[in-house]
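Please open the structure in your viewer and keep the sequence panel beside it, so that each selection can be followed in both. Take the stops in order, and turn the view slowly at each one.

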Amino acid sequence: MGDVIETRAGFVSLIGAPNAGKSTITNHFAGSKVSIVSPKAQTTRAVIKGIGIYENTQIVFLDTPGIFNPKRRLDRAMVSAAWGGVKDADMVVLVVDSKRGFDDETKAIVQKLQSEKMKAVLVLNKTDLVGKEKILALSSEINREYVFEETFMVSASTGQGMDEFYHYVAQNLPKSPWFYPEEQMSDMPLKLLTAEVVREKLFLYLHDELPYALTVEPELWERRDDGSVRAEMTIYVERDNQKIIILGKGGQMIKKIGSSARKELEEMLEERIHLFLFVKVRENWGNDPSRYSIWGLNYNA
């Protein structure tokens, strides 16, 4: 009989200010898109799991919403979800955008880690965009404020330094059987993943303010007899003029968004997708409790 290989498994919560690169790390590790990425802040709205195997360890990254000073009900729910992800984790990782440095949002997170006496690992991301001296100075500055278990300097978009980080995580998670099948990359239902990809395209194609005034919800995800999938998604906006912007002249904008989302989904899932998008005005969707429960957010946060 061969030796039994000891396995490890655990949950690793990625926290940080908006747009620090948490989703890029999650997708890089899972080897596929499980979390939407956008140059705009506050793209991730719920805690999304990215699952993968490194050495003999199954790592489940919890990609949490960016932590910032919340103003709206949805903002409060997102920040609450982020800190909730910390409570469920075996390891907490603070991800910092090296280019942006030790800004007020990151300082507030470090202060909370300190007051709650939470152990954490520091990951300085986007190091490919910053000189070495600046990164070393940033590492010293943050570690003076709070002593982290370990500090890593990485670029999630190029993969630089990621192996060293994964190796550390894998070695420091508890001995345990794996939680998910080996090939599983996320626990997000495909219909929610589809809604997220559509939302990413809305972020990509629309100007700054509008994506924060909309949400995308799955109405239908149905496998047809020929093996293809029919997916129907509704984009909810708050006002008629927002609907007009999303539709575009002669429906050109919605067509572009739908075509781009469908192409990406077909590549990700290796399936034929028939994607139908509808735009509806729901004035106060941000205060509708049912919109929150779909994403596992706490309406009363």
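What follows is a tour of a predicted model, going from one sheet to the other by way of helices, cores and loops.

**First stop: the six-stranded sheet**

Begin by selecting the six strands that form an open sheet, which you can read across in the order β2-β3-β1-β4-β5-β6, with mixed pairing. Which strands stand at the edges? They are β2 and β6 (151-153), and because each has a single partner strand, one side of each is left without a neighbour in the sheet. If you look along the sheet, you may notice that neighbouring strands are turned by 25° against each other on average, when direction is ignored.

Now keep β4 and β5 on screen, a pair that runs in the parallel sense over five bridges. Select V93 and then look in β5 for its bridge partner, which is V121.

Stay with β5 and show its side chains: five of its five residues are buried. V121, V123 and N125 lie on one side of the strand and L122 and L124 on the other, and with all of these buried, both faces of β5 are covered.

**Second stop: two helices that meet**

Next select helix α1 (residues 22-30), which is mostly covered, with seven of its nine residues buried. The buried residues are K22, S23, I25, T26, N27, F29 and A30, and together they pack against β1, β2 (48-54), β3, β4, β5 and α5.

Add helix α5 (residues 162-171) to the view, and you will find that it packs with α1 at an angle of about 80°, with the two axes 12 Å apart. The two helices are therefore roughly perpendicular to each other. To see the contact itself, show I25, H28 and F29 of α1 together with M162, F165 and Y166 of α5. By class, this contact of α1 with α5 has five nonpolar residues, one polar residue and no charged residues.

Before leaving α5, bring the sheet back into view, for this helix lies across β1, β2, β3, β4, β5 and β6, and its direction runs at about 110° to β3.

**Third stop: the nonpolar cores**

In soluble globular proteins, nonpolar side chains tend to be buried together. Which residues touch the most other members of the largest nonpolar core? Select V12, I25, I59, F61, M91, V93 and F165, which hold that place among the 23 residues of this core. The elements that give two or more residues to this core are β1 (8-15), α1, β3 (57-63), β4 (91-97), β5 (121-125) and α5. Of these, α5 gives the most, with six residues.

Centre the view on F61 and display what lies around it: leaving aside residues up to four places away in sequence, F61 touches V12, L14, T26, F29, I48, K49, G50, F165 and Y166. Then move to a second, separate core of 22 residues, whose members include L202, V237, I254 and L265.

**Fourth stop: the three-stranded sheet**

Now select the three strands that form another open sheet, in the order β7-β8-β9 and again with mixed pairing. Its edge strands are β7 (215-223) and β9 (273-281), each of which pairs on one side only. Neighbouring strands here are turned by 15° against each other on average, direction ignored.

Look closely at β7 and strand β8 (residues 229-237), which pair in the antiparallel sense over eight bridges. One place to pick out is R223, whose bridge partner in β8 is V229.

Then add helix α6 (residues 190-205), which packs on the sheet and touches β7, β8 and β9, its direction making about 135° with that of β7. Helix α8 (residues 252-269) also packs on the sheet and touches β7, β8 and β9, and its direction makes about 140° with that of β9.

**Last stop: two lysines in loops**

Finally, find K117 in the loop between α3 (104-115) and β5. Is K117 buried or exposed? Its relative accessibility is 71%, so K117 counts as exposed. The backbone of K117 also deserves a look, with a phi near 50°, a positive value in a residue other than glycine.

Move along the sequence to K126, which lies in the loop between β5 and α4 (132-145). K126 has a positive phi of about 65°, although it is not a glycine.

Notes
Residues are numbered from 1 along each chain as its sequence is written. This is a predicted model: local features need pLDDT of at least 70, side-chain atom pairs count only at pLDDT 80 or more; totals for chains, interfaces and linings use all residues. Side-chain values use heavy atoms; hydrogens and water are left out. Axes are lines fitted to C-alpha atoms, for helices over the stretch in contact, and angles run from 0 to 180 degrees between N-to-C directions. Helices (H or I, at least four residues) and strands (E, at least two) are DSSP runs, numbered from the N terminus. Angles under 35 degrees count as roughly parallel, over 145 as roughly antiparallel, 65 to 115 as roughly perpendicular and the rest as oblique. Contact means heavy atoms within 4.5 Å. Ala, Val, Leu, Ile, Met, Phe, Trp, Tyr, Cys and Pro count as nonpolar, Asp, Glu, Lys and Arg as charged, and the others, Gly among them, as polar. A nonpolar core is a set of buried Ala, Val, Leu, Ile, Met, Phe, Trp, Tyr and Cys residues joined through side-chain atoms within 4.5 Å. Buried means under 20% relative accessible area, exposed over 50%, partly exposed in between (1.4 Å probe, protein chains only). Two strands pair if DSSP finds at least two bridges between them.
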